[in-house]
Amino acid sequence: MSECPASAGPRPAPQPQIAVVASAPELAVAVISTLRAAGYSVRFIGAADQVTRGMTDVVDAFILDVTGADARSVTSLGSSREDVGVPLVVFTTSRDLRSGIAALEAGADDLLTTTMPPLELLARVRAVLRRSPKRSQSTEPPILTGGPVVIDTVQRRVEVGGCPVFLTALEFKLLSYLLMHPDAPMTREHLLEAVWGYSVGGTATVTVHVRRLREKIEMDPAHPMLIRTVWGIGYRFSPSSV
């Protein structure tokens, strides 16, 4: 019998593939170079309307330039990315964060700036990838209930008062976490670390996602009864108040 060739050892796990969407490569050079230096596979796409359903099946995250743009650049990616659990992160090269906040309101998962230190940018991207249903295994109970809210974490369905409610992947994660900790006051910093997965950076994204959740699950979002504000602290989920 001939001698078997020496094993080359196990193949390394493939790096996540990230699509960076910007109108020109030079606008995203800081983001692209940071990601590639960290070993990520990065593809450049010139416009959001060039994203196809086939791309959402192979890409692990989208990073979209919204500098000076409005929410349409986010919604133009379509709902297909959410169907397969592909996160969407937006970034801006401007100090004016209004377009970034508008993108969060429109459904983006997180906001980056090109002035962020590379370590913070990478920490946020890694956190988004860890939360992605494509790459993570859920440790949540199969059914979560709190007042009128019922969450099926296996089928990823949400009902409020028996009616289906459609949430983004990050809204689903945030609401699930709140239901698992009823009546517990939580700071924005705590939610940022527990749900987003990092402890650095601003908490505006938490505020925006709480506002979006209220618009979808509260009878009167202007006077929320489920996700209540705890003044001087943050928020708490109050299932018994409804």
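**Exercise 1. How many bridges join β6 to β7, and do the two strands run parallel or antiparallel?**

Before you start, keep in mind that you're looking at a predicted model.

*Step 1.* Find the two strands: β6 covers residues 143–146, and β7 covers 149–152.

*Step 2.* Look at how they pair. There are four bridges from β6 to β7, and the strands run antiparallel. One pair you can check is Ile143, whose bridge partner in β7 is Asp152.

*Step 3.* Now look at the connection. The two strands make a hairpin with two residues between them, and Gly147 in the turn has a positive phi of about 60°.

*Step 4.* Finish with the faces of β6. Leu144 and Gly146 make up its covered face, while Ile143 and Thr145 make up the uncovered one.

**Exercise 2. Work out the strand order of the five-strand open sheet, and say which strands stand at its edges.**

*Step 1.* Walk across the sheet. You should get the order β2-β1-β3-β4-β5, with parallel pairing.

*Step 2.* Pick out the edges. β2 (41–45) and β5 each have a single partner strand, so each has one side left without a neighbour in the sheet.

*Step 3.* Check the pairing at the β2 end. β1 (residues 17–21) and β2 pair in the parallel sense over five bridges, and Gln17 has Ser41 in β2 as its bridge partner.

*Step 4.* Do it again at the β5 end. β4 (residues 88–92) and β5 are joined in the parallel sense over four bridges. Here Thr92 has Thr113 of β5 as its bridge partner.

*Step 5.* Ask how the strands are turned. On average, neighbouring strands of this sheet are turned by 25° against each other, direction ignored.

*Step 6.* Add a helix. α5 (residues 98–106) lies across β4 and β5, and runs at about 160° to β5.

**Exercise 3. Sort the residues of β5 by the way they point, then follow the chain to Thr114 and decide how exposed Thr114 is.**

*Step 1.* Here's the rule to use: in a regular strand, side chains alternate between the two faces of the sheet.

*Step 2.* Apply that to β5. Asp110 and Leu112 point one way, Leu111 and Thr113 point the other way, and all are buried.

*Step 3.* Move on to Thr114, which sits in the loop between β5 (110–113) and α6 (118–131). Thr114 has a relative accessibility of 25%, so it counts as partly exposed; the buried label needs a value under 20%.

*Step 4.* List what Thr114 touches. Leaving out neighbours within four places in sequence, its contacts are Val31, Phe91, Thr92 and Thr93. For a distance check, the C-alpha atoms of Thr114 and Arg95 are 9.4 Å apart, although 19 residues separate them along the chain.

**Exercise 4. Which residues touch the most other members of the largest nonpolar core, and which element gives the largest share?**

*Step 1.* This core has 29 residues, and Val149, Leu175 and Leu191 touch the most other members.

*Step 2.* See who contributes. β7, β8 (157–160), α7 (169–179), α8, α9 and β12 (234–237) each supply at least two residues. The largest share, seven residues, comes from α7.

*Step 3.* Compare that with how α7 is covered: nine of its eleven residues are buried. Among them are Leu170, Phe172, Leu174 and Leu175.

*Step 4.* Zoom in on Val149. Beyond its neighbours within four places in sequence, its contacts include Leu144, Val158, Leu175, Leu226 and Phe237.

**Exercise 5. Describe how α8 packs against α9, then place α9 on its sheet.**

*Step 1.* Two packed helices are described by the angle between their axes and the distance between the axes.

*Step 2.* For α8 (residues 188–196) and α9 (residues 204–217), the angle is about 85° and the axes are 9 Å apart. That angle makes α8 roughly perpendicular to α9.

*Step 3.* Name the residues that meet: Arg188, Leu191, Leu192 and Trp196 from α8, and Thr205, Val206, Thr207 and His209 from α9. Sorted by class, the contact has four nonpolar, three polar and one charged residues.

*Step 4.* Turn to the sheet. Its three strands follow the order β10-β12-β11, with antiparallel pairing. The edge strands are β10 (186–187) and β11 (227–230).

*Step 5.* Check one join: two bridges link β10 to β12, and Met186 has Tyr235 in β12 as its bridge partner. α9 packs on this sheet, touching β11 and β12, and its direction makes about 140° with that of β11.

Key
Residues numbered from 1 in each chain as written. Predicted model: local features only at pLDDT ≥ 70, side-chain atom pairs only at ≥ 80, totals over all residues. Heavy atoms only, no water. Axes fitted to C-alpha atoms, helices over the stretch in contact; angles between N-to-C directions. Parallel < 35°, antiparallel > 145°, perpendicular 65-115°, else oblique. Contact = heavy atoms within 4.5 Å. Nonpolar A, V, L, I, M, F, W, Y, C, P; charged D, E, K, R; others polar. Core = buried A, V, L, I, M, F, W, Y, C linked by side-chain atoms within 4.5 Å. Buried < 20%, exposed > 50% of the residue type's maximum accessible area, 1.4 Å probe, protein only. Pairing = 2+ DSSP bridges.
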